[in-house]
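Reader: I am in my first year and would like a close look at one part of this structure, namely how its aromatic rings pair with one another. Could you take me through it slowly?

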Amino acid sequence: MCLGYSLSGLFLYEGAQRRKALALTGLILFVAFVVIRYINVFGDPSPWSAQTNAMRTIMSFLNVNKYPPSLDYVLATLGITLILASLLDRCTGIAKTVLTTYGRAPLFTYIVHIYILHGLQLLLGMAMGYPAQIFTEFTKWSAIAAMQHLEVPIVKANWGFSLPVVYMLWIAILAMVYPLSRWFARYRANHSQWWLSYL
């Protein structure tokens, strides 16, 4: 986060200069990730290794630690993010309006989407026959199951959704959050309370 904040000055440049600075910085960070990851001496607690085929080897190479974030993880994610930011900076029309709306209320959008996501998880889980306690007291249920060697219903083979369904749900939740984010962005633009700057 600190490194990300330190790069925020790149967004203060105008137009083409901003896009060039974002793309160049992103490319440098991503190349640094590839070099450090390839060396395989430091940068991530889990070294990569050659696998049975090229795709698995690539997945091993890209499998870096998010928690706690490793140097490789930070270089890869910030590098790709800055490159994407330089490309998305060219958006116009509706795409620009939508992205700007989310960007003007980032923490608010994140908090609201978490509550919607967990509420939806609870409703879908209960509709599939799982008890609500699994979703509201997950840590407690996991601990009890581990101590008593019980089968936790949430880990049954029929739980969960395919990746396309997960993406559709993600897009639906973003669409649900959009009106709230737009309202909050407008509210924040028209009010000057100190706490609004944190959302």
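Author: In this predicted model, the structure holds 10 aromatic pairs. One of them joins phenylalanine 30 and phenylalanine 33, whose ring centres are 5.5 Å apart and whose planes meet at 45 degrees, so this pair is called tilted; the angle falls between the limits, since stacked requires under 30 degrees and edge-to-face requires over 60. Both residues belong to helix α2, which spans residues 15–39, and because they are 3 residues apart there, about one helical turn separates them. Their surroundings can be described as well: phenylalanine 33, with a relative accessibility of 2%, counts as buried, while phenylalanine 30, at 26%, counts as partly exposed, because buried means under 20% and exposed means over 50%.

A second pair is formed by tyrosine 167 and tryptophan 170, whose ring centres lie 6.2 Å apart with planes at 70 degrees, so that this pair is edge-to-face. These two residues sit in helix α9, residues 163–190, where they are 3 residues apart, about one turn of the helix. Tyrosine 167 has a relative accessible area of 46% and is partly exposed, and tryptophan 170, with 48% relative accessibility, also counts as partly exposed.

Returning to phenylalanine 30 and phenylalanine 33, we find that ring pairs link these two residues with Tyr38, Trp48 and Phe61 into a cluster.

Key: Residues are numbered from 1 along each chain as its sequence is written. This is a predicted model: local features need pLDDT of at least 70, side-chain atom pairs count only at pLDDT 80 or more; totals for chains, interfaces and linings use all residues. Side-chain values use heavy atoms; hydrogens and water are left out. Rings of Phe, Tyr and Trp (its six-membered ring) pair if their centres lie within 6.5 Å; planes under 30 degrees apart count as stacked, over 60 as edge-to-face and the rest as tilted. Helices (H or I, at least four residues) and strands (E, at least two) are DSSP runs, numbered from the N terminus. Buried means under 20% relative accessible area, exposed over 50%, partly exposed in between (1.4 Å probe, protein chains only).
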